[in-house]
Structures are given as structure tokens and as C-alpha cells.
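Colleague: Could you walk me through this fold at the bench level? I have a few questions ready.

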Amino acid sequence: MKHPATRFFAAALCALPFAVHAAPGAVKRAAVAAVDKHAADLTDLSDRIWGYAETALKEHKSSKALADYAEQQGFTVTRGVSGMPTAFIARFGSGKPVIGIMGEYDALPGVSQKAIAEQSPLVEGAAGHGCGHNLFGAASLGAALAIKEQIAAGKLKGTIVFYGTPAEEAVGGKTYMARDGVFNEVDAMFAWHPGDESMADTTTSQAMVDLMVEFKGQSAHAASDPWNGRSALDAALAFMNGVEMMREHMRPSSRVHYVVVDGGDVPNVIPAHAKVWILARDQKRTEVEGLYQRIQKIAEGAALMTGTQSTVRLQGGDWEVLLNDTGAKLLDANLRWIGTPTYTPEEDAFAKQIQAATHVPAVGMERGIRALDDQQEEGGSTDVGDVSWVVPTLNLTVVTSPKDAPWHAWPVVATGGMSIGHKGMVVASKTLAATMVDLYENPKALRAVRAEFEKRRGDVAFKAYLPDGPSPPPN
């Protein structure tokens, strides 16, 4: 372990509104030891999911591997949650508190990669775990299993629930589960994510709304009678120009990006149909709401200009993560007690080779822990944000990939399938399990986490950015 336990534990917890023993107790040590005991199984699970590399809502083998293992370890498993065949819940224990932890396992299309330090697809054009979700699901289940064993031994009282959440990279499985009230029973929720450095997260994500803007016009021969046509493509172009005019008048924190997914069929026919897929983001959902309304008005205006009809269809979206500093301090203290991974010279050389190949400084693996007050806001949206407005959610990041190497890309796939990723996964699992023990053993700590959640949320009622009806089928 990199850091002396007692010194960092005491320093990190001094500002918390409840008493926590500086030295980790017997139950916490037993939970951490349980992760070590199951580390080989967790690594095998992670590697199997890495090999399956299944994309959103197609994670049949991946979710089955996790659910079957949970069942074998004594959890009661419910499959097909919220109408999604690859979503499941594994629970153990009874009564309060109910502590939840989420796991992801979907891959990204087109980033297949061998577990080597140079770009080389495992299967040309296939998917790969370019966001490390093979590690995410296995580590979270490992933490849940460590707590389950303490409950079974009579050392902790309450319920532990593992949530298998699919399709984070697409429709956002957690959003459907949150909409359906799946998380309502939970007193506190845990999540983590692979990264290129380690920290208890104190920065939010970006809220996001996902829209398909469609235009319907009238076709005509583009050469002989174009005056009889009403071009849906013209409407799409006017719409995109309108969005560009909006950019100057958005806050610096706002982001809007789009692609044309349909611009007609052939150039000698006036297009009667066109579609623009557009995402709007900001670190505050209230700003996203404003962008959403403006986009609708721009679409209406583009239709008026071109004599066409417009439809703005909501496809999905995420709320920003509602932070919980009380929980972050607990995670930070446990992360510093556990310590970040140690690496062999060969692993550092592996990381440096990746960094050189991706044109970033070849400094090897990051070993430090970023301070709670020294974290930069970054882009990106996650359906963890939706959950965080339903139940207090504690987020952790642990290093699994070389510093500054590109994400959603082959370097993350490479390290996620070998020892660098495995080591980060085990650290994450231990840190999550240790922090869950804090909430089981110390009711004041759990009350403080919930009190901050209630204060930050205020009277806001969660309403998912989702169309009516069930989750969509996989593409």
C-alpha cells in the first residue's frame, strides 16, 4: 500500500460532521481481504467481458456472466429489469440500510484492439471496451460480494444491491431504471469509472438532451420543375445555420453538436425528407432546458422559411451528476488508505509505448491521488447523473489507462485487457467496499450523506429525458 493508513485517514475525515475511527476496523479490513480473495474470479469476469465486447443492449453474454456469478455467490438475481433483457438486479440481506452499487458492461463500436501497446484490432471493425466498462462491472460486483460476505457473517446488518446497468454508451439504461423507480429503495448508491488518474469525484458531468429533428417537404424533379418542390434538405440546412447563429448567444459552458443522418436520396430529386441528429449539453440542466426550447423554435423557423413541416423528437438524455462532498470525503480517505496500484517496469514501459504512439508525453502510469479541491471540470455526460437525483450517489475514479492517452479509443481497450487494468479494478473494488462499510457501521455518516443530498436537490423532482414507452431495441 502506498500511503500510511492512519495518517491519511485522519486527515481526510477531520472536516466530516460525524466521528470515524482513524484506523480502519476489523470489518473494513475483512471486506478488503474479501476482494483479494475473489480477485482472480473478478479478473476472469473482466477479461471475459473484454473479449465479448458487446455494444449497448446487446450485452447478453456480459450481463449473463455477471448475473450468473452473483447467483453462484448467493445473491438473489432478477433479470430483464425495466424491459431491458441485459439489465439485472442482484441483492442480498434484508432491512435497512439499503446500499446500492452500479456496474456497466457495454462496449463501444469500432475500437477493437488486442491487449498490446500498439494499435492492432483484435477483430477488424468490431467493438472494444474503449471506456473500460469490462472493469467497471466486475469491480462493482466484487465490492458488493465483499459486503455480502460481511452481512452473511453477521458483521453488518442491512441489504446490499448490485445493479447491472446496460447501454451507458447509447440509450442510458440507468435512465430507464430511474424513471421506473428501480432505485427508490436505496439509501446511498455507489459508482466508479476507469480513468487515467485516481480520485474521489467532486466535479459534475454535463446534462444532455438527445434530439432527432425531422423535416418533411415535397419532392419534385430537380431539373424540370423544382418550383413545385419544397426541400426538406433546405430546411435542414436552414436549421443548422440557425443553430450556428445561436452559438454566440450560448453560455461558454454549453455545447451543441449535430450530424445529418438523412439529406434525401439522389441529387436530381428535391428531397422530401431530411433528419438532423443533435445533442445539447451544459453542466446545468436548466441551461439544457433553455437550449432545448431554442432548438425547437429554430426548427419551426426553418420549416416556415422553406414551406416544410418540422418535428423535434426526444430520444433521450442525461441530467448532470448531483455532487455529494460528504461521500467524496469518505471515498477519498479510503482510496488513500488502500493506495493506488503499483506497477512493474514492464507495465510502465507498456504505458509509455502507448503514450508515444498517441503523441502525448511518455510519462508512464499516474500514481498519485488527485485532491478533492483540485479537480477540473471536463466534458461528457453519463446516466449516473440521473440516478444521482434519485438517491445520493458517491463516485470514484481509479487509474486503469496511461495518463493523457485518448479515451474511447484503442489504448483503453489495450490496458483494460491486461494487468494495468486489472490492478486498477481491484483498487476500485476495495475502495468501494471499504466506503460502504463506513455507511453500514456509522448511521451518522449515512445520515450526513443523505442530508447533503436533500439540501442540494431541494424541491427538484426528477423527470427523465426519455420518450414514452419501453427502452428501444438494440440497433
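**Helices, sheet and rings**

Modeller: Gladly! Just past the end of α4, Gly74 has a positive phi of about 100°. Please keep in mind that this is a predicted model.

Colleague: What distance should the 13 residues of helix α4 span, and what do the end C-alpha atoms give?

Modeller: Helix α4 covers residues 60-72, and the rule is 1.5 Å a residue. The expected span is therefore 18 Å, which agrees with the distance between its end C-alpha atoms, 18 Å.

Colleague: What covers the buried residues of α4?

Modeller: The buried residues in α4 are Ser62, Ser63, Ala65, Leu66, Ala67, Asp68, Tyr69 and Ala70. The elements covering them include α3 (39-52), β1 (76-79), β2 and α5.

Colleague: How many residues of α9 are buried?

Modeller: Helix α9 runs over residues 325-338, and its end C-alpha atoms lie 20 Å apart, in agreement with the expected 20 Å. The buried residues include Leu330, Leu331, Trp337 and Ile338, and charged ones such as Asp332 and Arg336 are also among them. Just after the helix, Gly339 takes a positive phi of about 85°. As for the count, α9 is mostly covered, with the buried residues numbering 12 of its 14.

Colleague: Which strands stand at the edges of the four-stranded sheet, and why?

Modeller: The sheet is open and antiparallel, in the order β8-β9-β7-β10. Two of these strands have a single partner each, so one side of each is left without a neighbour in the sheet; they are β8 (255-262) and β10 (309-318).

Colleague: Which residue of β9 is the bridge partner of Glu214?

Modeller: Strand β7 (residues 207-216) and strand β9 (residues 273-282) run antiparallel and are joined by 10 bridges. In β9, the partner of Glu214 is Lys275.

Colleague: Which strands does helix α8 touch as it packs on the sheet?

Modeller: Helix α7 (residues 232-247) packs on the sheet, touching β7, β8 and β9, and its direction makes about 15° with that of β9. Helix α8 (residues 285-306) packs on the sheet too, and its direction makes about 10° with that of β7. The strands α8 touches are β7, β8, β9 and β10.

Colleague: Are the rings of Phe88 and Tyr105 stacked or tilted?

Modeller: Phe88 belongs to strand β2 (residues 88-93) and Tyr105 to the loop between β3 (98-103) and α5 (133-152), 17 residues apart. Phe88 counts as buried because its relative accessibility is 2%, and Tyr105 counts as buried because its value is 0%. The ring centres are 6.3 Å apart and the planes meet at 25°, under the 30 degrees cut-off, so the pair is stacked.

Colleague: And are the rings of Phe215 and Phe239 stacked or tilted?

Modeller: Phe215 sits in strand β7 and Phe239 in helix α7, 24 residues apart in the chain. Both Phe215 and Phe239 are buried. Their ring centres are 6.0 Å apart with planes at 55°, so this pair is tilted.

Colleague: Which residue joins Phe88 and Tyr105 in a cluster of ring pairs?

Modeller: Eight aromatic pairs are counted in this model. Ring pairs link Phe88 and Tyr105 into a cluster with Phe162.

Colleague: At what distance from the ring centre does Arg285 lie over Trp319?

Modeller: There are charges over rings here, including the charged end of Lys148, which sits over Phe92 at 5.2 Å from the ring centre. Arg285 lies over the face of Trp319, and its distance from the ring centre is 3.9 Å.

Note on methods
Residues numbered from 1 in each chain as written. Predicted model: local features only at pLDDT ≥ 70, side-chain atom pairs only at ≥ 80, totals over all residues. Heavy atoms only, no water. Helix = DSSP H or I, 4+ residues; strand = E, 2+ residues; numbered from the N terminus. Expected span 1.5 Å × (residues − 1). Buried < 20%, exposed > 50% of the residue type's maximum accessible area, 1.4 Å probe, protein only. Pairing = 2+ DSSP bridges. Contact = heavy atoms within 4.5 Å. Axes fitted to C-alpha atoms, helices over the stretch in contact; angles between N-to-C directions. Phe/Tyr/Trp six-rings, centres within 6.5 Å; stacked < 30°, edge-to-face > 60°. Lys NZ or Arg CZ within 6 Å of the ring centre and 35° of its normal.
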